Every structure is written in C-alpha cells, then in structure tokens.
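Biologist: I've got this model open and I'd like a close look at one part of it, with its surroundings filled in afterwards. Please keep the cut-offs in so I know what each word means.

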Amino acid sequence: MVRDITIMPGLDKAGVRENFSVITLCAGETVSIVGPTGSGKTAFITDIELLAQGDTSTRRRVLLNGEVPDDEVRNNPSLKPIAMITQKTKCFADLTAEEFLQIHARARGIKNFGIVGDTIELANKFTGEKITAESRVTILSGGQTRSLMIADAILIGAAPVILLDEIENAGIFKQEVLRIIHDSGKIVIFVTHDPVIALLTKKRIIMEHGSVKMVLYRSESEVRAAQNLLELDNRVSVIRENLRAGKTITKDLLAVNFY
Amino acid sequence: MKLLMIAGPPSAGKTALVKQIIKKLMDSIKIVFLKIDVVKAYEDIELKKEFKIVTKKFYSGDLCPDHAGVMVMADALEWAEGNSADLLIVESAGLCLRCAPYLNQGLGIVVLSSISGIHAPEKMGAMVSLADIAVITKIDLVSQAEREVLIQKIREVHPGVILLETNALQGTSLHRLYDLISNSKDIDKETLMLKGNPPLGTCTICVGKKEIGWKHHFGVIQKLDGHVAEYLFRGE
C-alpha cells in the first residue's frame, strides 16, 4: 500500500538545483500542479510515473513510503502503484475497446473480466459520445479516448496514485471525473490550467523554468472562491451543451448566485 | 570483451539507444561500434563524430543482412579486439524478421517503438522471442495504459524477457540497462554461436533463377495453396 510519495529535488532547465528539500504527498491528498506551458508540469508527474531515480531529464528522485522502490515495481506494470492519464488522446493499438481493456486487465493481473464492461460503462459517464465494446480505440475521438483512459485508470489501473495531465481538455465531463476520484483515499495529482480544478485541491505546486517554484496550501477564502467558480463552471457547461444542441442562450441561463 | 547485439525495425530508436549507452559507459570502458546494413547507413559516421570512438559499417548488399552479419562476425570480433575494445556494440539492419542476430553469449537487445502497433511483437518473431532485453522507446508519445498493453503483448510472446521503457532521446530510466551491460560476461570467441535457427538460404530463387512457378525451382518451395512441394520446405 502507498502511504506517501516523496519527491527529492532535481535540476531546473538551466541545471540549477531546485529550491526545496523534499515534497511529500500522502494518501487521500489531492494536489494540483500549475504554471505556464513549458514550466515542467508534465515532466514533474512523469518523474512520479516513472518513479525516477535520477535517470530522467530533471534528475529528480521519487520515493515510495520513504524508500527507493524496487526495480521490479518500477518495471512491472502489474505492480506499478501509479496510473497516469496523459494528454495523449490518440491510441495506436489496433484493438477494440473491449480487447484493449482485456489485455490491460491481464497486464494488471486481474482475473475478473466483468471489469471490462464496468470500465466502458464508467467511461460513458465522462463523455457524451457513446463508447461501445466494439469501438476501435484507434478511431475514438479525443474526448472518448480520454474518458476511456480515466475509467481504465480508476478501475483497471486501480492504482493508489492517479496522475491526470490536463483532463479539462478534450471535452469530457470533468466535474463527474472529479466527483468520482475525490475522497477515494488515493493520492490524486492534477496538472491543470483550469482554476476550478486548481482551487478544488488542497495543495498547489507552482512550476517555473522546469523547477518547483513554491508549494501553496488552499486558504479559507479560496475554498469559497472554489464554490463560486464551480457554480460558474456549471453554468458554462449548461451553456456549452445548449449551444452544442443548437439552442439559443436566454437571459436566465446567465444568472449566477454567488456565495 | 563484452558484446551487445542490437536489433529492431527501422526507426525504432536503435541508434538513439546506442548513443545513450555510449554516453553513459564511454568514460569507464572502451567501446567500438559496428553497423550492419543493406544499402546505406550513417550511424558509424554520426557516432564517430559525436563520441570520437572507433566505428565501422558493413553493407550486406545482395546478401541478407543477418546472413552477412554471421559471416563477418568473427572478423568483427578480431577487429574490435585489435582496437582493444572492452565492449563491441553491433547494430543490425533489422529488416525481414525471419531471423535474429543474437548470439549465445553477450546481450541481445530488441528495440521496439511504442507506436509500432500492437501486433508488432508477435510479427517480429525471433527478434523478440530470442532477445535478452526488450527496450520500448518513444514512451512519451502514448498513454500509460497503451504502454502497459504493449508490454503485456511482449510478455505473452516472450515471458522471460527483461522489459525496459524509455524515451531514448532523453535516456530516461535506463540505469538498469547500464547495469546489465556492465555486469554481462565476457564472450568466448571459440564457443560463440547463433541463438536462433537460420533460414534455408540455398534455393533457386536466391541464386537468381527467374522462371515462374514452383516446378521450375528446388530448395525452399511452397505452393500457393499452402501445400509443401515434394522437395523441401522449412517455414513455420
């Protein structure tokens, strides 16, 4: 079981050592990684996903429960306690959704193939475009691929650590995703440009020039701001769905009650 | 002297991997590099320029490159020893997938790109199933789930293989590979053998007979309907 992950400092883009001693993330904690594009957000979670030991471009090291993970844990997917949803919304494997999930379940040592149907069902909660067992993963849309990968990470990956790289992109129901993975007892790390997601996490890691600039904790007023943003975000979603359905936007759709 | 045989389809990232290995190990051991290819290769020039190491290339021309590799390997070992090398890296052309260039000593590495398609490990036959180590490259281009699916496919073809994932351009997560190379045993030239079975290479097509139809040929012969002609066939 993963109780915590420790990240040891590496080097920024200029080769200068990062200015923190260690960052420890504990089970049940949600964290967002924010910063401009190219600031090293994806590299940061990739280090966690690879359980880096000074052998990635950032030279960071990552410990599990305070210890260097075994080679076997680093290299055997069925033992890996980490599931990452990348920004990649393209699959190259020429398989149906069902075949893809079956092979992944085998890789993760899961014997119960009922999980494949459950995963597709969950994925369909995240996307408006229906995914079927027979859909080929190579031709799924960006939103469908992302939804399937998130459902796969939750149920088949079933990892105690979930890394999500910019899930707000590719048109999925992100609040549904947030609702399901929040309070799951997992360590959940979001790389995000979305203020709603950033403010829904208790901890924020700010990146700059390839290194961690600072770590912030959410304040009381930010908790309220998050609720307001959620309300706004809901309205934006409703308007988006109305526009997509060919409807016109009426005045009452724009009304927002702030806390 | 240690020996590293590197195989894999074109553009899988073999040379990018070789560069990482040389960069990491060149300070502690003397490395020489041989590229075997069919028509054109630039790796020897590239690596010589970048790392100032001794390199060589060999063109197989009309001959199958794995066949050519077997023929020239003994000379190559002498050449490497003559250059007082501690490690000889041989990069093969990796074309027809019938054979694998791995030997019964040293390390055989297959390099596979994560975007090469889910059935590639099965299609590549001996190149995968006889390798000691499989290195999956370009992992930054696909999702984690898809990487795991590809790895599972490779494990099903070759359960005993040591699997490593990397972005070969950056050289991520290759520490284990460096350790495996550093700890590999020195080869014994006298007992060096091919690991896999070579193909039958003497047929009338191979020697240039142009007539159409199996009746005009002997050697490796198979009829269109899949039946083996009365002479000899050793496929599958």
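Here is the request itself, and the reply comes straight after. What covers the buried residues of α3(A), and at what angle do the axes of helix α3 of chain A and helix α6 of chain B cross?

Modeller: Some housekeeping before the helix. This is a predicted model, so local features need pLDDT of at least 70 and side-chain atom pairs count only at pLDDT 80 or more, while totals for chains, interfaces and linings use all residues. Residues are numbered from 1 along each chain as its sequence is written, chains are lettered from A and ligands numbered from 1 in the order in which they are written, and side-chain values use heavy atoms, with hydrogens and water left out.

Now α3(A), which spans residues 97-107. Helices here are DSSP runs of H or I with at least four residues, strands are runs of E with at least two, and both are numbered from the N terminus. The buried residues of α3(A) are A:Ala97, A:Phe100, A:Leu101, A:Ile103, A:His104, A:Ala105 and A:Ala107; buried means under 20% relative accessible area, exposed over 50% and partly exposed in between, using a 1.4 Å probe and protein chains only. Their cover includes α4 (114-126) and α5 of chain A, together with α6 of chain B. Just past the helix, α3(A) is followed by A:Gly109, whose phi is positive, near 70°.

The partner from the other chain is α6(B), residues 144-157, and its axis comes within 9 Å of the α3(A) axis, crossing at roughly 70°. (Axes are lines fitted to C-alpha atoms, for helices over the stretch in contact, and angles run from 0 to 180 degrees between N-to-C directions.) That makes the two helices roughly perpendicular, a label that goes to angles of 65 to 115 degrees; under 35 would be roughly parallel, over 145 roughly antiparallel, and the rest oblique. On the α3(A) side, A:Phe100, A:Ile103, A:His104, A:Arg106 and A:Ala107 make the contact, where contact means heavy atoms within 4.5 Å. α6(B) answers with B:Ala145, B:Glu146, B:Glu148, B:Val149, B:Gln152, B:Lys153 and B:Glu156. Sorted by type, the contact has five nonpolar, two polar and five charged residues; nonpolar covers Ala, Val, Leu, Ile, Met, Phe, Trp, Tyr, Cys and Pro, charged covers Asp, Glu, Lys and Arg, and the others, Gly among them, are polar.

Another piece of the cover, α5(A) (residues 142-157), is mostly covered as well, with 14 of its 16 residues buried. After α5(A) comes A:Ala158, with a positive phi near 40°.

Chain B has a well-covered strand too: five of the five residues of β6(B), 133-137, are buried. B:Ile133, B:Val135 and B:Thr137 point one way and B:Ala134 and B:Ile136 the other. β6(B) pairs in the parallel sense with β5(B), residues 107-113, over five bridges, and with β7(B), residues 162-165, over four; strands count as paired if DSSP finds at least two bridges between them. B:Val110 has B:Ala134 as its bridge partner, and B:Ile136 stands opposite B:Glu165.

Back in chain A, an open, antiparallel sheet of three strands runs β2-β1-β4. β2 (23-26) and β4 are its edges, each with a single partner, so one side of each has no neighbour in the sheet. Strand-to-strand twist averages 20°. Four bridges join β1(A), residues 4-8, to β4(A), with A:Thr6 partnered by A:Leu63. Helix α1(A), residues 41-49, lies across β1, β2 and β4 at about 125° to β1(A).

Finally, two buried basic side chains. A:Lys174, in helix α6 of chain A (174-181), has a relative accessible area of 13% and makes a 2.4 Å polar contact with the side chain of A:Asp194. (A polar contact is a pair of N or O atoms within 3.5 Å; within protein, one must be able to donate a hydrogen and the other to accept it, and residues adjacent in sequence count only if both atoms are side-chain atoms.) A:Arg204, in strand β8(A) (203-208), is buried at 11% and its side chain reaches that of A:Glu222 at 2.9 Å in a polar contact.
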